Amino acid sequence: MTSKNVANARSVVTKMSSREIASITGKMHKNVMADCRNVFESLNLQSADFSADYQDDKGRTYQEYWLDQDLTMTLMMGYSIPLRHKVATRWRQLESGEALPQKSASHLPEFRRARAIKMEVEAMSLALSFMPKLSDVAKQTAMARAVNDAAGIELLPLPKVEEHLHTAGDIAEMLGVSPQKIGRLANKHDLKTEQYGMYVWDKAKHSDKQVEAFRYNTEGVKALRHLIHGADVA
């Protein structure tokens, strides 16, 4: 891995502040702020959603805006070509890792992200507490996805599943029976255990509700095949 690749891996570009845009373009910050508000108004966006505070060298508090790349480029469409080029070059430097993104002096964006992550962790922990059958891998996967979605970056790696898992529908198709029969046999012969698979976090068929669903491993498939084709237990 080259040093540039290392920089890429560590650089997380999410926002550019109105102060940085003013510095790059040579415009007064108050004018950039006014231009930002015009963009927000035109796009029916609430300026408060992008607002943050910062302190100058004398400790005085002022307002600034934080824009993502789409909003930054939309703002720059109203500026001259040389100024647009300067900002585009800055984004390329941030994305390549040649430069580090500016941070808010008040750390408000970072605080908001941390709060969103905390709330997501609490909500997911509560949801998982109602699903005691879920495997550890399924719980780790659900939590990682929730945290990463809230953070906007991959903070938690998804756990690796070492073997392929099959749904009742998959096995029913393999063995030429109905998924309902697979479920009845698994319940009757106590196959929904760690030996034969695991419970995972899945979406219900007819709603967006998340439910526990059992997935069968190779041993589970073998056991069901034996029950269906090796003995008349249907």
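The quantity called pLDDT is the predictor's confidence in each residue, on a scale from 0 to 100, and the exercises below use it because this is a predicted model.

**Exercise 1.** Find what the average pLDDT of the protein chain is, and decide how residues 1-12 should be read.

Solution. Begin with the whole protein chain, which averages a pLDDT of 78, with 79% of the residues scoring at least 70. Next, turn to residues 1-12, over which the pLDDT is below 50, although this stretch has 14 contacts in the model beyond near neighbours in sequence. Finally, apply the general rule that where pLDDT is low, the predicted coordinates should not be read in detail.

**Exercise 2.** Describe the protein chain as a whole by its helices and strands, its buried share and its contacts.

Solution. Counting the elements gives 10 helices and 5 strands. Of the 234 residues in the protein chain, 35% are buried. If we then take the contacts with a separation of 6 or more, 57% of them join residues 24 or more positions apart. The surface that the protein chain exposes comes to about 14700 Å², and 52% of it is supplied by carbon and sulfur atoms.

**Exercise 3.** Locate the largest nonpolar core and state which helix gives the largest share of this core.

Solution. The largest nonpolar core has 32 residues, and those with the most contacts inside it are I171, I182, L191, Y216 and L224. At least two residues of this core come from each of α6, α7, α8, α9, β4, β5 and α10, while α7 contributes the largest share, namely 6 residues. To see one member at work, look at I182, which, leaving aside its neighbours within four places in sequence, touches A168, I171, A172, L175, V177, Y216, L224 and I228. Apart from this core lies another one of 20 residues, including I24, Y79, V87 and L94. Both cases can be set beside the general tendency of nonpolar side chains in soluble globular proteins to be buried together.

**Exercise 4.** Decide whether helix α2 is mostly covered or mostly open, and then trace the surroundings of H29.

Solution. Helix α2 spans residues 18-25 and is mostly covered, since 6 of its 8 residues are buried, a term that requires under 20% relative accessible area. The buried residues in α2 are S18, E20, I21, A22, I24 and T25. After α2 comes G26, which has a positive phi near 80 degrees. H29 belongs to helix α3, residues 29-42, and its side chain makes a polar contact with the side chain of S18 at 2.7 Å. Leaving aside neighbours within four places in sequence, H29 is also in contact with R19, A22, Y54, Q63 and E64.

Definitions and conventions
Residues are numbered from 1 along each chain as its sequence is written. Side-chain values use heavy atoms; hydrogens and water are left out. Helices (H or I, at least four residues) and strands (E, at least two) are DSSP runs, numbered from the N terminus. Buried means under 20% relative accessible area, exposed over 50%, partly exposed in between (1.4 Å probe, protein chains only). Contact means heavy atoms within 4.5 Å. Accessible areas come from the Shrake-Rupley method with a 1.4 Å probe; for residues, only the protein chains shown count as cover. A nonpolar core is a set of buried Ala, Val, Leu, Ile, Met, Phe, Trp, Tyr and Cys residues joined through side-chain atoms within 4.5 Å. A polar contact is a pair of N or O atoms within 3.5 Å; within protein, one must be able to donate a hydrogen and the other to accept it, and residues adjacent in sequence count only if both atoms are side-chain atoms.
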